[in-house]
Amino acid sequence: MRLRLIGAATALEAAHDCDAVGRITLGAGDRTPVALFVEAERFRARVNADGARIH
């Protein structure tokens with residue numbers, strides 16, 4: 001499966017030696033139609049986008 005975000009703006013936070021196992025949440029954003037959140041023990045990413053396509 002592949003996820004393509006259209007018109008994406010990102011915010012990332014990470015620590016050294018982070019564990020890659022975590023959670024991915026895709027849904028509607030507060031200010032944009034699409035919001036993607038990636039969370040692990042020492043890593044967080046927030047992506048807001050105008051649209052998304054899943055292939």
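Reader: Which residue forms a salt bridge with R23, and how far apart are the closest N and O atoms?

Author: In this predicted model, R23 forms a salt bridge with E39, and their closest N and O atoms lie 3.6 Å apart. A salt bridge requires a side-chain nitrogen of Lys or Arg within 4 Å of a carboxyl oxygen of Asp or Glu. A search of the whole structure finds 1 salt bridge.

Reader: Which parts of the chain does the pair R23 and E39 tie together?

Author: R23 belongs to strand β3 and E39 to strand β4, which covers residues 34-40, so the pair ties together parts that are 16 residues apart in sequence. E39 itself is partly exposed, with a relative accessible area of 32%.

Reader: In which sense do β3 and β4 pair, and over how many bridges?

Author: β3 and β4 pair in the antiparallel sense, over 6 bridges. One can follow a single bridge: T25 has F37 in β4 as its bridge partner. The two strands form a hairpin, with 6 residues between them. A distance can also be read here: the C-alpha atoms of A40 and G22 are 4.0 Å apart, although these residues are 18 apart in sequence. A40 is found in strand β4.

Reader: Is A40 buried or exposed?

Author: The term buried is applied to residues under 20% relative accessible area. A40 has 19% relative accessibility and therefore counts as buried. For strand β3, the count of buried residues is 0 out of 6, so this strand lies largely in the open. Of the 55 residues of the chain, 16% count as buried.

Reader: Where is T32 placed, and which residues does T32 touch?

Author: T32 sits in the loop between β3 and β4. With a relative accessibility of 18%, T32 counts as buried. Leaving aside residues up to four places away in sequence, T32 touches N48 and A49. Its side chain also reaches the backbone oxygen of V34, at 2.9 Å.

Reader: How should one read a residue such as T10, and is T10 buried or exposed?

Author: One may begin with its place in the chain and then turn to its surroundings. T10 lies in strand β2, residues 9-14. Its relative accessible area is 55%, so T10 is exposed. When residues up to four places away in sequence are not counted, T10 touches R46 and V47. The C-alpha atoms of T10 and A35 are separated by 9.9 Å, and the two residues are 25 apart along the chain.

Reader: Which residues form the nonpolar patch on the surface?

Author: The patch consists of M1, L3, L26 and I54, which together have about 460 Å² of accessible area. Patch members must have over 30% relative accessible area. L26 offers an example: this residue is partly exposed, with a relative accessible area of 41%. L26 is found in strand β3, which comprises residues 22-27.

Reader: How many helices and strands does the chain have?

Author: The secondary structure comes to 0 helices and 6 strands. Read along the sequence, the pattern is β-β-β-β-β-β. Contacts offer a further view of the chain: among those between residues at least 6 apart in sequence, 54% join residues at least 24 apart. Finally, the accessible surface of the chain comes to about 4,500 Å², and carbon and sulfur atoms account for 50% of that area.

Key:
Residues numbered from 1 in each chain as written. Predicted model: local features only at pLDDT ≥ 70, side-chain atom pairs only at ≥ 80, totals over all residues. Heavy atoms only, no water. Patch = residues over 30% accessible without salt bridge, like charges linked within 9 Å, V, L, I, M, F, W, Y side chains within 5 Å. Areas by Shrake-Rupley, 256 points an atom, 1.4 Å probe, with all protein chains shown as cover. Helix = DSSP H or I, 4+ residues; strand = E, 2+ residues; numbered from the N terminus. Buried < 20%, exposed > 50% of the residue type's maximum accessible area, 1.4 Å probe, protein only. Contact = heavy atoms within 4.5 Å. Pairing = 2+ DSSP bridges. Polar contact = N/O pair within 3.5 Å; in protein donor to acceptor, adjacent residues only side chain to side chain.
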